[in-house]
Amino acid sequence: PNGRIGFVLGDVSGKGLGAALLAHFTQATIRTALRYESRLDRVLPGLNEDICERSLENQFVTLCVCVLDTASGSLEYVNAGHCPPLIVRAGGETRFLDDSSPILGVPPAFTYEVQRVDLEPESAVVLYSDGFTECAHCEEPDFGSQRFAHFFAKRATLCPEVIARELEDY
């Protein structure tokens, strides 16, 4: 509502049916919570409690939750142990945002700190998982965060189809 857009990217520990169910549960729970509460510092502790109650032992979730105010360009985010978002400013300047909050699925005594950054027109926010920066191609080393930032510095405002095509050749 009111010109605000929310977006989320996360990762669940483990593989198989248990991880898939936890991913689905997390997605559904945060989607529902954000419909009724816009303050991220109130949403994340409740989500953490729900994950603690419903996940298997030693399961956890990393999550980056962002809310963009399209009128002001203000981006609020909580990064709960996920890869730090990349901000690409007009002209190609890049900056990884802070990663200051704990993962989800840990004892519920933690707080989740809301960070804020102002975005100018033509800026982009890039969310990704560690599978992206850790992937290797043939004999080459991991893609890595610096190569990742360099790639997006010149392409962040392109349409996703063009980015995907250029990524295949990078």
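Which backbone oxygen lies 2.9 Å from a polar atom of the side chain of Ser123? In this predicted model, that atom is the backbone oxygen of Glu120, and before returning to this pair it helps to look at the chain as a whole.

The chain contains 5 helices and 7 strands, and, read from the N terminus, its elements follow the order β-α-α-β-β-β-β-β-β-α-α-α. A compact globule of 170 residues would have a radius of gyration near 15 Å, and the chain, with its value of 17 Å, agrees with this. Taken along the principal axes, the C-alpha atoms fill a box of roughly 45 × 45 × 25 Å. Among the contacts in the chain with a separation of 6 or more, 59% are made by residues 24 or more positions apart.

As for the surface, 35% of the 170 residues count as buried, while the accessible surface comes to about 9,900 Å², with 52% of this belonging to carbon and sulfur atoms. The chain carries 14 positive and 25 negative charges, and the mean positions of these two groups are 5 Å apart.

With that overview in place, the reader can turn to strand β2, where Asp69 is located. Because its relative accessibility is 22%, Asp69 counts as partly exposed, the range for that term lying between the 20% and 50% cut-offs. A polar atom of the Asp69 side chain lies 3.0 Å from the backbone nitrogen of Ala71. When residues up to four places away in sequence are not counted, Asp69 touches Gly3, Arg4 and Ser74. Asp69 and Ile87, which are 18 residues apart in sequence, have C-alpha atoms 15 Å apart in space.

Between helix α2, which covers residues 40–54, and strand β2, which covers residues 61–69, there is a loop that holds Ser55. Asn58 lies in the loop between α2 and β2 as well. Is each of these residues buried or exposed? Ser55 has a relative accessibility of 18% and therefore counts as buried, whereas Asn58, at 68%, counts as exposed. The side chain of Ser55 reaches the backbone oxygen of Ile51 at a distance of 2.8 Å. Asn58, for its part, has a positive phi of about 70 degrees, although it is not a glycine.

A further loop, between β6 (115–118) and β7 (124–126), contains Glu122, and Ser123 has its place in the loop between β6 and β7 too. Glu122 has a positive phi of about 75 degrees despite not being a glycine, and with a relative accessibility of 56% it counts as exposed. Ser123, by contrast, has a relative accessibility of 19% and so counts as buried, the limit for that term being under 20%.

This brings the reader back to the opening pair, in which a polar atom of the Ser123 side chain lies 2.9 Å from the backbone oxygen of Glu120. Leaving aside residues up to four places away in sequence, Ser123 also touches Val88, Arg89 and Ala90.

Notes:
Residues are numbered from 1 along each chain as its sequence is written. This is a predicted model: local features need pLDDT of at least 70, side-chain atom pairs count only at pLDDT 80 or more; totals for chains, interfaces and linings use all residues. Side-chain values use heavy atoms; hydrogens and water are left out. Helices (H or I, at least four residues) and strands (E, at least two) are DSSP runs, numbered from the N terminus. The radius of gyration is taken over C-alpha atoms; the globule rule is 2.2 Å times the number of residues to the power 0.38. Buried means under 20% relative accessible area, exposed over 50%, partly exposed in between (1.4 Å probe, protein chains only). Contact means heavy atoms within 4.5 Å. Accessible areas come from the Shrake-Rupley method with a 1.4 Å probe; for residues, only the protein chains shown count as cover. Lys and Arg count as positive and Asp and Glu as negative; His and the chain ends are not counted. The place of a charge is taken as NZ of Lys, CZ of Arg, CG of Asp or CD of Glu. A polar contact is a pair of N or O atoms within 3.5 Å; within protein, one must be able to donate a hydrogen and the other to accept it, and residues adjacent in sequence count only if both atoms are side-chain atoms.
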